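Please look through the structure below before reading on. The report that follows takes up its cysteines, its salt bridges and its overall build.

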Amino acid sequence: KGVEPAVNVPDLKGAINPILKAGDFSGKEGATILAYLSGKTEKRLLLLGLGAAKGLSMEGLRKAYGAAMKRCQDKAWPHVNFVLPKCDKLDIHAVTRAVSEGIALTSYVFDEWKSKDNKKPFYLKKGVLVGARDLAACKKTLGILSGVNLARNLINRNALDVTPQTLGS
């Protein structure tokens, strides 16, 4: 009850409104629902729950878009357009940063020790942040997160392989 879209995309109102009216989507933080579209440029629409507008935070955005990224990985979609929500509480730069962090942090996979027989992990080939205005902020965030992922790799490796001598060279 009372679920409202956080983005105004007139072309998709016809697809979103029936889902909201049916009550199948709660809009709770982290909730997702997938709708298949016909006659549109996009074939699929994944709605994300962001929770109450007054309680929306950067962490909530990270979690919501992380949940979206998990769905993308499950479906192995190589190209995804992520539409940034309108948020009165946060400026567009903070929203862009939180969304890109949620997507990038969820994309991390440590597959160094997986056997050749196992299924290869899915990696998103192209993600577009629709509504982002600052490409430099996205690149900076991805640079920071590559360092975070390096730290994750070091933690996941064997301590005998990650010695001070190895790190120094």
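Which cysteine sulfur is the closest to the sulfur of Cys 138, and how far away is it?

## Cysteines without a bond

This is a predicted model, and the distances discussed here are computed from its atoms. The cysteine sulfur closest to that of Cys 138 belongs to Cys 72, and because the two atoms are 16 Å apart, they are too far from each other for a bond. The sulfur of Cys 87, in turn, has its closest cysteine sulfur in Cys 138, and there too the separation is 16 Å, which is too far for a bond.

In general, a disulfide is a covalent bond that joins the sulfur atoms of two cysteines. The cut-off used for such a pair is 2.5 Å, and the structure holds 0 disulfides. As for their surroundings, Cys 87 counts as buried because its relative accessibility is 11%, and Cys 138, with a relative accessibility of 11%, counts as buried as well.

## A network of salt bridges

The structure holds 4 salt bridges, and Glu 59, Arg 62, Arg 97 and Glu 101 are linked by such bridges into a network. One of the bridges joins the side chains of Arg 62 and Glu 59, with 2.9 Å from N to O. These two residues both belong to helix 2, which covers residues 58-75, and because they are 3 residues apart there, about one helical turn separates them. Glu 59 counts as partly exposed, since its relative accessibility is 40%, whereas Arg 62, at 18%, counts as buried.

Arg 62 also forms a salt bridge with Glu 101, and in this pair the closest N and O atoms are 2.4 Å apart. Glu 101 lies in helix 3, which covers residues 92-107, while Arg 62 lies in helix 2, so this pair ties together parts that are 39 residues apart in sequence. Both Glu 101 and Arg 62 are buried; for Glu 101 the relative accessibility is 12%, and therefore it falls under the 20% limit for a buried residue.

Glu 101 has a further partner in Arg 97, and the side chains of these two residues meet in a salt bridge of 3.1 Å from N to O. Because Arg 97 and Glu 101 are 4 residues apart in helix 3, they too are separated by about one helical turn. Arg 97, with a relative accessibility of 40%, counts as partly exposed.

## The protein as a whole

The protein contains 5 helices and 4 strands, and when they are read from the N terminus on, these elements follow the order α-β-β-α-β-α-β-α-α. Measured out along its principal axes, the C-alpha trace spans about 60 × 40 × 25 Å. Among the contacts in the protein with a separation of 6 or more, 62% are between residues that lie 24 or more positions apart.

## Surface and charge

Of the 169 residues in the protein, 33% count as buried. The protein exposes about 11,200 Å², and 54% of this area is supplied by carbon and sulfur atoms. The protein carries 27 positive and 15 negative charges, and the mean positions of these two groups of charges are 3 Å apart.

Terms used:
Residues are numbered from 1 along each chain as its sequence is written. This is a predicted model: local features need pLDDT of at least 70, side-chain atom pairs count only at pLDDT 80 or more; totals for chains, interfaces and linings use all residues. Side-chain values use heavy atoms; hydrogens and water are left out. Buried means under 20% relative accessible area, exposed over 50%, partly exposed in between (1.4 Å probe, protein chains only). Contact means heavy atoms within 4.5 Å. Accessible areas come from the Shrake-Rupley method with a 1.4 Å probe; for residues, only the protein chains shown count as cover. Lys and Arg count as positive and Asp and Glu as negative; His and the chain ends are not counted. The place of a charge is taken as NZ of Lys, CZ of Arg, CG of Asp or CD of Glu.
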